[in-house]
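Reader: Before accepting the labels attached to this structure, I would like to see how each of them is justified.

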Amino acid sequence: MIFRLLRNTLFLILLVFVLSTWGNVLQIGMVKPDIILIVIVWLALRQGPFYAHTTGFFTGFVEDILSLSPIGFHLTARTLVGMLVGLFRDFVGIDRIILPMAISAAASLLQAIWFSLISVLFSIDTAFAPLFSLHFLYTLLYTIICAPLVFWILELFTGLFYRILERFR
């Protein structure tokens, strides 16, 4: 349990650093997909709400440190998304294309609503209310398109990781 939690958290923190450094490779115009959100959705569906919201908490904290947003801005959003998506884990079947797209869209909408609410309540200038902009729509579409590919890559590497672990037993 602790090993899985540490592995997930370290992987996502490393991914945050990689995307903050080389994430512009994925950028089309001014739009980047929210890969971290997709990975948290995948964790929530595969491993449940505990792993997803705990990993989302630490990942969001690192994102807050690296960005201009106040501490707790990404932290609460990632934790909330991991917990809520993880709660619906038992009610959905795992599809390879439609489900990653639909749940990533719902998670992106939830995160945008949360960001807008927090921005309005606390008058945060560094955050913008993304809900009513074309930039949000393009980011949402790009995230939805990337979701099946990210799910497939994660499934591939997870299977490979467990096969390597079995050889050492």
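Reader: Which side chain meets that of R78 in a salt bridge, with D34 or another residue as its partner, and what makes the pair deserve that name?

Author: In this predicted model, the side chains of R78 and D34 come to 3.2 Å, N to O, and because the cut-off is 4 Å between such atoms, the pair counts as a salt bridge. R78 lies in helix 4 and D34 in the loop between helix 1 and helix 2, so the pair ties together parts that are 44 residues apart in sequence.

Reader: What makes D34, E63 and R78 one network?

Author: E63 also forms a salt bridge with R78, the closest N and O atoms being 2.8 Å apart, and salt bridges that share partners join D34, E63 and R78.

Reader: Why is D34 called buried?

Author: Its relative accessibility is 15%, and buried means under 20%, so D34 falls in that class. R78, at 3%, is buried as well.

Reader: Why is the pair of F57 and F58 called edge-to-face?

Author: The ring centres are 5.2 Å apart, where a pair needs them within 6.5 Å, and the planes stand at 85 degrees, where edge-to-face begins over 60, so the label follows from both values.

Reader: How do you know that the charged end of R4 sits over the ring of Y51?

Author: The charged end of R4 is 5.0 Å from the centre of that ring, and the distance limit is within 6 Å; the arrangement is accordingly listed as a charge over the ring of Y51.

Conventions
Residues are numbered from 1 along each chain as its sequence is written. This is a predicted model: local features need pLDDT of at least 70, side-chain atom pairs count only at pLDDT 80 or more; totals for chains, interfaces and linings use all residues. Side-chain values use heavy atoms; hydrogens and water are left out. Rings of Phe, Tyr and Trp (its six-membered ring) pair if their centres lie within 6.5 Å; planes under 30 degrees apart count as stacked, over 60 as edge-to-face and the rest as tilted. A charge sits over a ring if NZ of Lys or CZ of Arg is within 6 Å of the ring centre and within 35 degrees of the ring normal. Helices (H or I, at least four residues) and strands (E, at least two) are DSSP runs, numbered from the N terminus. Buried means under 20% relative accessible area, exposed over 50%, partly exposed in between (1.4 Å probe, protein chains only).
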